[in-house]
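Visitor: I am new to this structure, and I would like to understand how its terms are earned. Could you show it to me and take me through them?

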Amino acid sequence: MKKIIALGILALSIAGTASAQVKPEDQIKYRQAGYSFMSWNMGKIKANLEGEFNAQQVQAAANAIAAISSSGMGALFGPGTDKDIGNVKTRAKPELFQNMADVGKLATDLNTAAAALAAAAATGDKAAVQKAFGDTGGTCKACHDKYRAK
């Protein structure tokens with residue numbers, strides 16, 4: 001667990017270096033694309049849990065979520081990405097950029113939950129996936145409730 005937290009903090013600490021290489025408006029676009037892709041995959045898992053359960057589909061979606069959540073998305077919250085830039089809009093609240101320690105913890109929670117979701121999906125056990133899916137969704141909601149404008 002300490003290793004996961006350290007990795008989350010490390011990812012946030014290198015955000016300035018990585019973000020300096022990408023224009024702020026592109027950082028916003030890239031992070032939105034990543035979160036949209038995770039959301040789409042969460043929807044695929046939800047559809048499988050509510051309907052016919054296709055273990056391979058669920059595993060692919062869970063692996064995509066885990067990969068994106070641990071890909072260093074924190075680097076896409078660099079300076080200047082706290083506000084709209086031209087026609088590129090952000091829903092990140094200013095409070096996100098003022099509470100990076102809390103955001104780092106939330107990101108670590110997402111990484112942990114997404115990894116557990118991928119592990120549960122690998123077993124093909126629908127009940128295990130259902131629980132891990134709820135936990136992962138809860139980590140998304142925790143961040144959205146604090147740091148995402150409606």
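**How two helices cross**

Guide: The crossing of α4 and α6 is left-handed, a term used when the near helix is turned anticlockwise from the far one by less than a right angle, whereas clockwise would make it right-handed. This is a predicted model, in which local features need pLDDT of at least 70, side-chain atom pairs count only at pLDDT 80 or more, and totals for chains, interfaces and linings use all residues. Residues are numbered from 1 along each chain as its sequence is written, and side-chain values use heavy atoms, with hydrogens and water left out.

Visitor: Why are α4 and α6 called roughly antiparallel?

Guide: Helix α4 (residues 55-69) and helix α6 (residues 100-123) pack at an angle of about 160 degrees, their axes 8 Å apart. Angles over 145 degrees count as roughly antiparallel, under 35 as roughly parallel, 65 to 115 as roughly perpendicular and the rest as oblique, and α4 and α6 are therefore roughly antiparallel to each other.

Visitor: Which residues of α4 meet α6?

Guide: With contact meaning heavy atoms within 4.5 Å, the α4 residues include Val58, Ala62 and Ile65, and those they meet in α6 include Leu110, Ala114 and Leu117. The residues of this contact divide into eleven nonpolar, four polar and no charged.

Visitor: What makes a residue buried, and what share of the chain is buried?

Guide: Buried means under 20% relative accessible area, exposed over 50%, and partly exposed in between, with a 1.4 Å probe and protein chains only; buried residues make up 34% of the 150 residues in the chain.

Methods: Axes are lines fitted to C-alpha atoms, for helices over the stretch in contact, and angles run from 0 to 180 degrees between N-to-C directions. Helices (H or I, at least four residues) and strands (E, at least two) are DSSP runs, numbered from the N terminus. Ala, Val, Leu, Ile, Met, Phe, Trp, Tyr, Cys and Pro count as nonpolar, Asp, Glu, Lys and Arg as charged, and the others, Gly among them, as polar.
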